[in-house]
Amino acid sequence: MQNVQQLRYLPVHEKPLIEVQELSKTYFQGMLKKKATKAVDGVSFSIRRGTSFGLIGESGSGKSTVGRMLLRLIKPTSGKIVYDGIDLVGLSGKELTRFRQKIQIVFQDSASAFNPRQMIGEQLAIPLWRFKKVTSQQQLNSRIGELLELVGLSASYANRFPHELSGGQRQRAGIARALSVEPEFLVLDEPVSALDVSVKSQIINLLKHLQEQLGLTYLFITHNLDIVSYLCDDVAVLYQGRIVEMGDTKTLFRNPCHPFTRELLGSILTLQGPLADYYGFPKKSDGSDLLESVLGWSGACPYMAKCPYHTTTCRTGVPELTMAGDNHYVRCFQMDQIGSEKEEERPLLMNTNG
Ligand SMILES: Nc1ncnc2c1ncn2[C@@H]1O[C@H](COP(=O)(O)OP(=O)(O)OP(=O)(O)O)[C@@H](O)[C@H]1O
């Protein structure tokens, strides 16, 4: 087995647009800033230009914190964010502002992302003026119209207030605003989770179309595994701030090796029918007492208390992220045991394109 550190991050077939190296974030709270939460712990991955990278994991696993650090909305505690060869962590002032044009975010909650008192056109105008994308009022009006049409709205939506748009229309306007500064890279933080099913797939298809048309690169943060399977080339699974499995989406979804990834995929399939068995996620049987006794064990694998595969080895420390196959990495002491019992071919999840 080769350790991922020796290989340097995710191997890529071409130069990555963005390389995240050992990124960590600890939040300090309370009056004396004594309560520490390690939200992200030594996360490394790279994203190739023009591709989509999915970040999945349960609530509180650190997905949004990673996304916000990439935008430098919050400062990392340690680690590097190398964008096109330049470390963003060391930048400040004008240099950082220049990079902020290249990286934009689309939030889940489109209602709170807009000022309720300003019309959509006025809010699109702010970044267009600020980043000198237009030089006259006439150019401004025509660019606002173009941006709205690019996302499937008519130019007349510029004269509407945010509350006069449906959730899906507002999300389209949010995408238009993110695109106004001509970014290369978009962080999409749960962009469709607040929308109805039919609107969800329209927005996903819009994002896919825009990526092809504009050559955009995406970091897609989501709980929705169908979307990851449809849209993302590569995926990383976060658990308690660490990547526990990472690889190209097809391989990882066919052959999930970490017990947590299997649980995630299995729980989705349970909702869809008995296909969960394909993923071979074993039922907890006589391990319950042992599980109870190891809850709260510090210094062990963080997933051990929930893991049906765990053995005493799992108490010895946090496993390294280790190569499981071509472009596939897993952080698990029991990887060989789990690997030996999995089926040859596992079904892919269903796509969300309807
Ligand atoms: N500003 C903050 N101050 C203190 N703790 C924070 C802050 N933001 C996030 N956290 C904590 O950091 C951890 C990771 O949070 P984060 O929002 O990044 O997770 P997430 O995976 O995006 O969750 P969700 O899917 O629910 O949005 C959580 O324990 C959270 O409570």
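**View 1. E182, an exposed residue in a loop.** With 12 C-beta neighbours inside 10 Å, E182 counts as exposed. A residue is called exposed if 12 or fewer other C-beta atoms lie within 10 Å of its own, buried if 20 or more do, and partly exposed in between, with C-beta atoms placed from the backbone. The loop that holds E182 runs between α7 (167-179) and β7 (185-189). Helices (H or I, at least four residues) and strands (E, at least two) are DSSP runs, numbered from the N terminus. E182 has a positive phi near 55°, although this residue is not a glycine. The model is predicted: local features need pLDDT of at least 70, side-chain atom pairs count only at pLDDT 80 or more, and totals for chains, interfaces and linings use all residues. Residue numbers start from 1 along each chain as its sequence is written.

**View 2. D84, in the loop between β4 and β5.** The two strands that flank D84 are β4 (78-83) and β5 (86-87). Phi of D84 is positive, about 50°, in a residue that is not a glycine. D84 counts as partly exposed because 15 C-beta neighbours lie inside 10 Å.

**View 3. The protein chain and its two domains.** The protein chain has 354 residues, of which 40% are buried. Its secondary structure comprises 13 helices and 12 strands. Of the contacts with a separation of 6 or more, 66% join residues 24 or more positions apart; two residues are in contact if their C-beta atoms, placed from the backbone, lie within 7 Å. A UniProt entry, which is unreviewed, places the feature "domain: ABC transporter" at residues 18-265. UniProt positions are given in the numbering used here, feature names are shortened, and annotations may be inferred rather than shown by experiment. Residues 18-265 are 40% helix and 27% strand, and the C-alpha atoms at the ends of this span lie 27 Å apart. The chain is divided into domain 1 (4-245) and domain 2 (255-341), with bounds that come from an automatic or database domain assignment.

**View 4. The contact between domain 1 (4-245) and domain 2 (255-341).** Domain 1 contributes 13 residues to the contact and domain 2 contributes 17 residues. On the side of domain 1 that touches domain 2, at least two residues come from each of α1 (4-7), β9 (234-239) and β10 (242-248). The most come from β10, which gives four residues. By class, this side of domain 1 has 10 nonpolar, one polar and two charged residues. Here Ala, Val, Leu, Ile, Met, Phe, Trp, Tyr, Cys and Pro count as nonpolar, Asp, Glu, Lys and Arg as charged, and the others, Gly among them, as polar.

**View 5. The largest nonpolar core, with 85 residues.** A nonpolar core is a set of buried Ala, Val, Leu, Ile, Met, Phe, Trp, Tyr and Cys residues joined through C-beta atoms within 7 Å. Those with the most contacts inside the largest core are L55, L188, L219, F220, V237 and I243. This core draws at least three residues from each of domain 1 (4-245) and domain 2 (255-341). Neighbours within four places in sequence aside, I243 is in contact with V43, F45, A236, V237, L238, L321 and R331.

**View 6. The shell around the ligand.** Y27, Q29, T37, A39, G57, S59, G60, S61, G62, K63, S64 and T65 surround the ligand; a residue is near a molecule if its C-beta atom, placed from the backbone, lies within 6 Å of it. At least two residues of the shell come from each of β1 (16-29), β2 (35-48) and α2 (63-70). The largest share, three residues, is supplied by α2. The shell divides into two nonpolar, nine polar and one charged residue.

**View 7. Helix α2, R72 and L210.** Seven of the eight residues of α2 are buried, namely K63, S64, T65, V66, G67, M69 and L70. R72, just after α2, takes a positive phi of about 60°. From R72 to L210 the distance is 24 Å, C-alpha to C-alpha, and the two are 138 residues apart in sequence. L210 belongs to helix α8 (residues 197-214). L210 is partly exposed, since 18 other C-beta atoms lie within 10 Å.

**View 8. G339, in helix α13 (residues 335-341).** With 14 C-beta neighbours inside 10 Å, G339 counts as partly exposed. Not counting residues up to four places away in sequence, G339 touches C257 and A324. G339 and T312 are 27 residues apart along the chain, and their C-alpha atoms are separated by 19 Å.
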